[in-house]
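Here is a short, friendly tour of how the helices and the core of this protein fit together. Have the model open beside you as you read.

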Amino acid sequence: MSDPSPQAPSTSKQGMSLHVSIHIHPSNRAAFLEHFKPCFEAVRAEKECTFFEVFSDPDDEGHLCWVENWTRDREWFMTVQIAKDYYKPYLAATEPMFVKPREIKFYERMEGDWTL
């Protein structure tokens with residue numbers, strides 16, 4: 001019996017990826033993560049969030065970055081998601097720790113067969 005034909009590639013551009021990079025003094029890392037964890041848990045529980053991973057720079061203990069993938073677009077994120085109350089205490093506690101401006105970059109999903 002032959003395998004069924006593969007699915008046609010998706011042509012939907014729905015969804016986006018948010019990449020955030022922050023720099024804090026290494027002495028603030030534990031405090032940052034303590035304030036970040038509740039926000040991280042709340043974000044990854046959102047039904048529109050399909051992926052959330054946090055990374056650290058092995059050469060710079062104060063450089064952290066994360067990637068969030070969402071089923072919605074940038075406009076929705078900036079009007080609906082970012083307005084959620086759980087960001088407020090996290091931002092108030094952590095923004096003073098930044099030693100460089102936070103870098104935020106939005107990426108749109110490519111059309112065609114470029115995803116799992």
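In this predicted model, the buried residues of helix 3 are covered by elements that include helix 1, strand 3 and helix 2. The residues in question are Tyr-87, Tyr-90 and Thr-94. Around the axis they span an arc of only 70°, so they sit on the same side of helix 3. Turn to the other side of helix 3 and you will find Lys-88, Pro-89 and Ala-92 exposed.

Thr-94 deserves a closer look. This residue of helix 3 is buried, with a relative accessible area of 0%. A polar atom of the Thr-94 side chain lies 2.7 Å from the backbone oxygen of Tyr-90. Setting aside neighbours within four places in sequence, Thr-94 is in contact with Phe-32 and His-35.

Helix 2 (residues 74-81) can be read in the same manner. Its buried residues are Trp-76, Phe-77 and Gln-81. Viewed down the axis of helix 2, they fall within an arc of 100° and therefore line one face of the helix. Arg-74, Glu-75 and Thr-79, on the other side of helix 2, are exposed. The cover over the buried residues of helix 2 includes strand 1 (16-23), helix 1 (29-44), strand 3 (60-70), helix 3 (87-94) and strand 4 (103-108).

The two helices compare as follows.

| Helix | Buried residues | Exposed on the other side |
|---|---|---|
| Helix 2 | Trp-76, Phe-77, Gln-81 | Arg-74, Glu-75, Thr-79 |
| Helix 3 | Tyr-87, Tyr-90, Thr-94 | Lys-88, Pro-89, Ala-92 |

Now for the core. Which members of the largest nonpolar core touch the most other members? Among its 22 residues, they are Ile-22, Phe-32, Trp-66 and Phe-77. At least two residues of this core come from each of strand 1, helix 1, strand 2 (49-57), strand 3, helix 2 and helix 3. Helix 1 gives the most, with five residues.

Phe-32 ties several of these threads together. Not counting residues up to four places away in sequence, Phe-32 touches Ile-22, Ile-24, Leu-64, Trp-66, Tyr-90, Thr-94, Met-97 and Phe-98. Of these contacts, Thr-94 is the buried helix 3 residue described above.

Finally, a word on the cysteines. Cys-39 counts as buried, at 3% relative accessibility, and Cys-49 is also buried, with a relative accessible area of 10%. How many disulfides does the structure hold? There are zero.

Notes: Residues are numbered from 1 along each chain as its sequence is written. This is a predicted model: local features need pLDDT of at least 70, side-chain atom pairs count only at pLDDT 80 or more; totals for chains, interfaces and linings use all residues. Side-chain values use heavy atoms; hydrogens and water are left out. Buried means under 20% relative accessible area, exposed over 50%, partly exposed in between (1.4 Å probe, protein chains only). Helices (H or I, at least four residues) and strands (E, at least two) are DSSP runs, numbered from the N terminus. The arc is that of the directions from the helix axis to the C-beta atoms. Contact means heavy atoms within 4.5 Å. A disulfide is a pair of cysteine sulfur atoms within 2.5 Å. A polar contact is a pair of N or O atoms within 3.5 Å; within protein, one must be able to donate a hydrogen and the other to accept it, and residues adjacent in sequence count only if both atoms are side-chain atoms. A nonpolar core is a set of buried Ala, Val, Leu, Ile, Met, Phe, Trp, Tyr and Cys residues joined through side-chain atoms within 4.5 Å.
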